Amino acid sequence: MKLKIAVLPGDGIGPEISEQGVNVMTAVCNKFGHEVSYTHAICGADAIDKVGDPFPEETFKICMEADAVLFSAVGDPKFDNNPAAKVRPEQGLLAMRKKLGLFANIRPIQTFDCLIHKSPLKDELVKGADFICIRELTGGMYFGEKKEGSDFAYDTNAYSREEVERILKEAYKYARQRRKHLTVVDKANVLASSRLWRKVAQEMALQYPDVTTDFMYVDNAAMRMIQEPTFFDVMVTENTFGDILTDEGSCITGSMGLLPSASTGEHTPVFEPIHGSWPQAKGLNIANPLAQILSVAMLFEYFNLKEEGKLIREAVDASLDANVRTPEIQVEGGAKYGTKEVGQWIVDYINKK
Ligand code: IPM
Ligand code: MN
């Protein structure tokens, strides 16, 4: 297969993990005889500094012409600490999602047996947890009408039936491929937008009698996720709730550095870690490249290249088993490997296979 990849390293640790993702991708393509080409493009704070726009037109064009985007992270403290900033790196990520029509963000939350002790939750609670959060990504408060005055501000949480239907359709697709259990997370006891979600979901559930559909308020879901994470199979929710719940989900796995995601929809799909740009770690070679590398596995799987994805997952498991780990997940007394070393170990593993 021919694969044209747009590479958007972004800010902070982005470029370091991006490099490892690309190396792994190349190794897998070589192994399986795929022809891959990369076009790098700027985004985030890097792009603001260079051209004054966090998602420049040229980057958009490169994304549109690619088969997939390998995205890393955006964000920089000089903007975080300045609420008055007119343009922010995160707007680049949001513009990318909106312009590419990426309404479905797939965030798998899994545990690695050898890392269970890294979760702040009890081992017996997290063992076997394996679910997917499907986060609606182009609607809700992130994109609704907003006003930002000095004494008064608001965001609007708006959803249309069409937006709800298309994300639920996606959620049912995943539920059917998995354990056929869908949990719709909302706040229908308070929010009008949530009542629309629930109404549409109740109607759609009738078309999927093979899937068990249940409903949960978001506050309750936040609790259930840490009380009994194995309850969930596929969870679907609106943009803001999904943002919050998936950070919580990373505590089940044990490190933010382990969670990949796929954003899909109308145009080129984007594969990215769920973590941010961790500016404090920039250039220190300590960031975990596994979330990015697992995003590459999701990329292959998206194109139905299952063996390729499987080999990456196998290599990642092997690296963890061999204790080739970045500091935040290393066992006590174990050697601490850098971003580059972990990436290289995985590349070597793939080459030797
Ligand atoms: C995420 C991030 C983004 C979001 C930020 C960086 C805008 O937290 O992908 O979860 O809120 O969607
Ligand atoms: Mn987030």
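Here's a short chat about ligand 1 and its surroundings in a predicted model.

Student: Where does ligand 1 sit, and which residues surround it?

Tutor: Start with the site: ligand 1 sits in the largest pocket. Around it you'll find Glu90, Leu93, Arg97, Arg107, Arg135, Tyr142 and Asp243.

Student: Which kinds of residue make up that shell: nonpolar, polar or charged?

Tutor: Sort the shell residues by type. Two are nonpolar and none is polar. That leaves the other group, with five charged.

Student: Which helix gives the largest share of the shell?

Tutor: Look along residues 89–99, which provide three residues of the shell. That stretch is helix 5.

Student: Which domains does the shell draw on?

Tutor: At least three shell residues come from each of two domains. They are domain 1 (1–102 + 266–353) and domain 2 (105–258).

Student: How far is an oxygen atom of ligand 1 from a polar side-chain atom of Asp243, and how much of the ligand does the protein bury?

Tutor: Arg97 has a side-chain N or O atom 2.7 Å from a ligand oxygen, and for Arg135 the distance is 2.8 Å. For Asp243 it's 2.9 Å. Taken alone, ligand 1 exposes 320 Å², and the protein buries 78% of that.

Technical notes. Residues are numbered from 1 along each chain as its sequence is written. Chains are lettered from A and ligands numbered from 1 in the order in which they are written. This is a predicted model: local features need pLDDT of at least 70, side-chain atom pairs count only at pLDDT 80 or more; totals for chains, interfaces and linings use all residues. Side-chain values use heavy atoms; hydrogens and water are left out. A residue is near a molecule or strand if one of its heavy atoms lies within 4 Å of it. A polar contact is a pair of N or O atoms within 3.5 Å; within protein, one must be able to donate a hydrogen and the other to accept it, and residues adjacent in sequence count only if both atoms are side-chain atoms. Accessible areas come from the Shrake-Rupley method with a 1.4 Å probe; for residues, only the protein chains shown count as cover. On a 1 Å grid over the protein atoms alone, a cavity is a set of points where a 1.4 Å probe fits but cannot get out, and a pocket is an open set with protein on both sides within 12 Å along at least five of seven lines; lining residues have an atom within 4 Å of a point. A molecule sits in a cavity or pocket if more than half of its atoms lie within 2 Å of its grid points. Helices (H or I, at least four residues) and strands (E, at least two) are DSSP runs, numbered from the N terminus. Ala, Val, Leu, Ile, Met, Phe, Trp, Tyr, Cys and Pro count as nonpolar, Asp, Glu, Lys and Arg as charged, and the others, Gly among them, as polar. Domain bounds come from an automatic or database domain assignment.
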